[in-house]
Amino acid sequence: MMQSKGFNVLKRQILEIMKDGRVYTSVQLGSVVGSSRTNTCDCLLRLYDNGLVSREELPGPKRVGRPTFQYAIEPRGLDRLSYWKAQEEEPKKRRTKGVSE
């Protein structure tokens, strides 16, 4: 069984890629982050359930099997990225604050 990346790391990588405002499929995102389609789809579903990304079924003729979706980042997803970055900066500020005193 293949070991997967940390789930939060994968969520952040996906949101970082999507912040350019374009739409992506799970296959496209998985190939960029180096994750399996299953892991990428699971991650996108959680991001969708939390309102961080939107999804739309790809247009075209109906096929047998699961539909293919394209995903786009939502303003809430951009807010989450900003929050994560601020959380990273906070410990740095505390460390440098103590040094200068």
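Here are some notes on the sheet, the helix across it and the two main pockets of this predicted model.

1. Sheet layout. Start with the strands: there are three, in an open sheet ordered β1-β3-β2, and the pairing is antiparallel. That leaves β1 (24–25) and β2 (53–57) as the edge strands, each with a pairing partner on one side only.

2. How the strands are held together. Between β2 and β3 there are five bridges, in the antiparallel sense. Glu-57 has Phe-69 of β3 as its bridge partner. On the other side, β1 and β3 are joined by two bridges, again antiparallel, and here Tyr-24 sits opposite Tyr-71 in β3.

3. The β3 strand. Is β3 enclosed or open to the outside? Five of its five residues are buried, so β3 is largely enclosed by the rest of the structure. The cut-off for buried is under 20% relative accessible area. Phe-69, Tyr-71 and Ile-73 point one way from the strand, while Gln-70 and Ala-72 point the other way. Both sets are buried.

4. The helix over the sheet. Have a look at α3 next: this helix lies across β2 and β3, and runs at about 115° to β2.

5. Largest pocket. The volume here is about 290 Å³. Which elements each supply at least two residues of its lining? They are α3 (37–49) and β3 (69–73), with α3 giving the most, five residues. Among the lining residues are Arg-37, Thr-38, Cys-41, Asp-42 and Leu-45. Phe-69 and Tyr-71 are also in the lining, and these two are buried residues that point the same way from β3. Others on the list include Ser-26, Arg-55 and Arg-66. By class, the lining comes out as five nonpolar, three polar and four charged residues.

6. Second largest pocket. This one holds about 170 Å³ of space. Its lining includes Glu-57, Leu-58, Pro-59, Gly-60, Pro-61, Lys-62 and Arg-63, and also Gly-65. The split by class is four nonpolar, three polar and four charged. Glu-57 is worth a second glance, as a lining residue of this pocket and the bridge partner of Phe-69.

7. Residues on both lists. Arg-66, Pro-67 and Thr-68 line the largest pocket, and Arg-66, Pro-67 and Thr-68 turn up in the lining of the second largest pocket too. If you're viewing the two pockets together, those residues are a handy place to start.

How values were computed
Residues are numbered from 1 along each chain as its sequence is written. This is a predicted model: local features need pLDDT of at least 70, side-chain atom pairs count only at pLDDT 80 or more; totals for chains, interfaces and linings use all residues. Side-chain values use heavy atoms; hydrogens and water are left out. On a 1 Å grid over the protein atoms alone, a cavity is a set of points where a 1.4 Å probe fits but cannot get out, and a pocket is an open set with protein on both sides within 12 Å along at least five of seven lines; lining residues have an atom within 4 Å of a point. Grid points are joined across faces, edges and corners, and a volume is the space filled by probe spheres set on the points. Helices (H or I, at least four residues) and strands (E, at least two) are DSSP runs, numbered from the N terminus. Ala, Val, Leu, Ile, Met, Phe, Trp, Tyr, Cys and Pro count as nonpolar, Asp, Glu, Lys and Arg as charged, and the others, Gly among them, as polar. Two strands pair if DSSP finds at least two bridges between them. Contact means heavy atoms within 4.5 Å. Axes are lines fitted to C-alpha atoms, for helices over the stretch in contact, and angles run from 0 to 180 degrees between N-to-C directions. Buried means under 20% relative accessible area, exposed over 50%, partly exposed in between (1.4 Å probe, protein chains only).
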